[in-house]
Amino acid sequence: MSLALQTFSTVKDANAALRAAGTRYLGGGTLVVRAANEGDVSVSSLVRVTDPGLSRIAVSSGKARLGASVTMAAIARHPELAALAPAARAIGGPAIRNMATVGGNLFAPAPYGDFAVALLALDATVVTEDGETPIEAFLAGRDTSRAIVTGVGFALPMAKSFRFLKVSRVKPKGVSVLSIAALLELAADDTVASARIALGCMADRPIRATAAEKALLGCTLTPREIAPALAAAPQGTAPITDPIASAWYRAEVLPVHLGRLLLS
Amino acid sequence: MELRKDYFADVRKDGLHEIGQPRPRLDSPGHVTGKTTYFADRNFPGMLHLKMVRSPHHHARIRSIDTSEAEKHPGVVRVLTARDVPHNVYTILILIQVGPEDETVLADGKVRWKGEAVVAVLAETERAAQEAAAKVKVDYEVLPAVFDMEEALKPGAPLVNEYHGQNYYLYDSGECRKVRFGDVEAGFAQADHILEQSYQSSPIEHAPTETTGCVVAPEGNDRFTCYTNTQAMFFTLDNASIILQMPGSKLHFVGGTVGGGFGGKVDVIVEPIAILGAKLTGRPVSFVYSREEEMQISSPRAAEKVVIKDGAMKDGRIVARKVTGYTDAGAYSRHSPYGAQKGAAHYPGPYTIPNVWIDTYCVYTNRTPSSAMRGFGVTIGDFALEVQMDKLARLIGMDPLEFRFINAYRDGDMKAHRQPTEGAALIECMQEASRAANWPVAEKYMAMSSYRKGA
Amino acid sequence: MAIRRGRGVAAINYPTGMNLGGDPTQALVHSTPTGNFMVTLSSVDLGQGMKQIMAQICAETIGVPTDRVVIDTADTDTGPHCMGTFASRGTHRAGNAVIQAAKEARQVMLEVAAEELEVNASDLETDGQGNIQVKGAPQKSISIFDVALSAHFKRGRSISGRGMFLIPRSYPEKETGAMKPSTCYAHACTVAEVEVDDETGEVTVLTVKNVFEIGRALNPKMVEQQLVGGSWMGISHALYETTEPYYPNRDHGGTDFNQYLMPGPGDLAQTEITVLERPSADGPFGAKGPGEMCANPQIPAVANAVFDAVGVRIDTLPITPERILRALKAQAAG
Amino acid sequence: MAKVPVQFTLNGSEKAEFIESGTTLLNALRDKIGDTSPKGGCHQGTCGACSVIIDGELRLSCLTLAETCNGADIKTTAGLAEGGVLHPLQRAFLDAFATQCGFCTPGMIMAAKVLLDRTPNPSRDDVVEALSGNICRCTGYEPIIQAVLTAARANSQNAA
């Protein structure tokens, strides 16, 4: 059996074709073509969709909708997505960013998937033909998800309320030791009114730092007041061990980097 | 870069026409236009692709190998096992009379490291070869493995390699290569300070951007041309000749343009089996390591352990140094017996020490076989030696750079392996480093020279 | 958080060539009918520039510009034996073989020129530009182009030479280890300056100042290439590289360039290189082998600088952020 | 095996081939069309040696299926010199001694070309970022960075 590519103009037809065994969806190719090149013979057929809507970026009344085929490069250069540009630029080198897609990033196993970390902090919804799913639920069930993701939607964060940090061993581009995305609303007195923090590499997929989120409420962003939140940050995490860093190291430095992000 | 012509000007003839001139590289125009031809840039009609079935176990007995499903797979042309290899047990240094033969081209009855080659599949496409390789069934009985050199040297440790009979390379000098110079115990007895420390390293991959590989084409006259990125053409050809029991005159190797080596392409691994495939099928064969194979299957730099015990005087003179070096060869020798010996010759470093004792061991474990890499036998030793020097200086309470001047070797000094020092230049390097790094040392050190009058 | 700075030094030497079974390399040189010179070898160019250096060595020896020399290497049907390119031996061993072959070819060339000019060969010299002239009377000259034509078509001479360089095997004495492992040694001293983040264990190498003594810089730009690249690899070995990051657990070995860590273009230390040349007695124009040793001194220099910065010794390579952080925590715990 | 037609422009000339479905652009260029300037250093998307320019954007040909490139305009390092005259980037790589083994060079030059096409006067950080997906094991990167900066200066002087 050689590898074969089937091209469809609609998601509906592609979804039907994807039901066949050994069939995978081809987005930017950075995951699935790599797997085939590396001898993953479980993949015998690839499916792609040419619908231009999948590559569309729509921004209106504070909401953004990104087609699943939108690339990291397209996000990084889009003027109305400036808040997300640091997260998009954190993915790979320039060639990878021209290929890697929003949809693909949702499925990228840790230490990859830094853009999905940003989407998790933004409480995005993931769109398929079956409807819309909150990203947290989507990520939890992604291993068995079969329907093609067509896009993601989220409320654009207010200026400066969204922060993103990726820590790598290799500069300027290496895979993550960890990544952190934080959406923080500050009250008039500069205390944290709401916090949503997502972490990459602290589990096999992006997860939220719910204990830290809670501990931050009502704090001003000073070293003393955020200390309990930093101490709580590792709660509920199960960091990965990979060639980049051990679970121990990731857990140890998470509070350090979270603190630096919050105080930046 | 600054070329300091004022040093050693009295022993150097400058002003040559071509030597010393920054001529442009004749190969670079090919590089920047993408025209330079590497081995994999050759493509032949009907070329087969070779994929290797590898051991998933660190140490196991092979009960049986079933290739029947793989052979029936569409696109498969030939499946090779140990019995197809004319002289399956080999070692590359046998060419220079360093044995015993201790490694199998394809595993025969046993695997000794995770990743060891067991079955070779030749197919019309890479994909077909991968699919067929997944259908090869090998029944293993897993055996206890040993990954630690000191564990491996203990009585009762699992025996890694029966061709050696013990978990170390047996030199003519015994279980290790030895250097004995002066009386090291007397040196320790007279020393004001004693420092014994242990250093370790991890295997390091050469990681050239071009992976190891070759393309073999039958020439139609019972000769085979092997386009290869080996670092050593005749070394590889002659070893292939032994393994394949083919006269060397039947082999034609073409190479010499290599996408990075760093010592990683001296092991004679891909060529013999690819030539065998071409011979048995009559077709061109390509065997190119995947990046994963390059990173985890090709020989790395050996993991090493170095124990250094020094005796030093209050005035900074090192009076005794004892070094025990362990080189982890992994499961097979490849070049490691030489690496350990090279280490023995290198210690105690570029310093003049009157009492020296060196033991270097080449140890077998169930780790990936290691081999040569840039700085073979020396790089890790230098790490250990020079960190030890820093510790010693601080122990004595001296500036680390001045401490090195006190002990630096100079022309005529007798080395531990009993060769007089010639052409020394360590002192001048340190003097220049002192200036370049703005790390001042006492005037007497800046006035030193590697020359010795009458030496 | 504190970023703490430290510096460290290391000084090393390095042998040129292997010495196990004898260490030979051979070369052949011949001229074409129009006075270009072919050097035939089986030596391998790994990227360090073997072909270019052999061309310069042949050109200098024969007395022609480098662009008159063509290197034909690494075809076993034509090239004579070379042990291989490793152990810092290529330039030294093959260079000596090329010199010997080129000298022999030069002698024939001068003899043919002498016949054409009706003088003694010993009275002739090359001008380095492609001509042969009478010493002290440069107006009496002949081009090498014409000499080669004459040799081929008129005088029936082969302007060619054979070169062989062999370091004989040295057998270590069993009990004392007395041996001759090398005939010449290169030298280096490196000072590294680092910053260590004492909350994460991350190390930034700020500067490396390398002094290398390499015998002879045959082509200074190519020497610089190798020394700069080697210095980078030394830092990489010190801080990043391992195929078994969690040994004795052998899982999690990197299988690609994302996982097998090396410094990226944004991690580069400011690198200074100074080169000294103390010609070796048996090197081609005094050259030694700098290719391996240039990556060695950075490793201990960086290790010593890390200690200078944060007061912990990491005696196991690589010196990862994790190892530093664990040591700092142990230090803090007393 | 199913063969599919592919047709695209490679360095200004039309190419049409039948290839096996699922063939990467890298393999199609090298094995079918004979342009071996893109190199297969990893086939994983981690080394950049296979970089090509597709419709003005830098791509990894090892992760791109050839049949998705129908109608595309593809450029490789082999097509960069025009009329035998080296591109300023190629010239700068020579002058800066920025190649050693040369295996990464075609990919590096592609990455640098895309940068200079869009950012004629790049900062050092711009160059570092542009080369960040390309691995070199020989040079330590510095000569390559200097070559790209030199080429940019040469370009802007020519334009002035």
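How many Å separate the centres of domain 2 of chain A and domain 3 of chain A, taken over C-alpha atoms? The answer is 20 Å. The domain assignment, which is automatic or from a database, splits chain A into domain 1 (4-49), domain 2 (52-155) and domain 3 (162-263). This is a predicted model, in which local features need pLDDT of at least 70 and side-chain atom pairs count only at pLDDT 80 or more, while totals for chains, interfaces and linings use all residues. Residues are numbered from 1 along each chain as its sequence is written, and chains are lettered from A and ligands numbered from 1 in the order in which they are written.

Where domain 2 of chain A meets domain 3 of chain A, the contact (C-beta atoms, placed from the backbone, within 7 Å) takes 22 residues from domain 2 and 24 from domain 3. On the domain 2 side, α7(A) gives the most, with six residues; helices here are DSSP runs of H or I, at least four residues, and strands are runs of E, at least two, numbered from the N terminus. That side has 15 nonpolar (Ala, Val, Leu, Ile, Met, Phe, Trp, Tyr, Cys and Pro), four charged (Asp, Glu, Lys and Arg) and three polar residues (the others, Gly among them).

Turning to chains B and C, their contact draws 100 residues from chain B and 99 from chain C. Helix α12 (residues 426-436) of chain B gives the most to chain B's side, with seven residues. By class, chain B's side comes to 48 nonpolar, 27 polar and 25 charged residues.

Methods:
Two residues are in contact if their C-beta atoms, placed from the backbone, lie within 7 Å.
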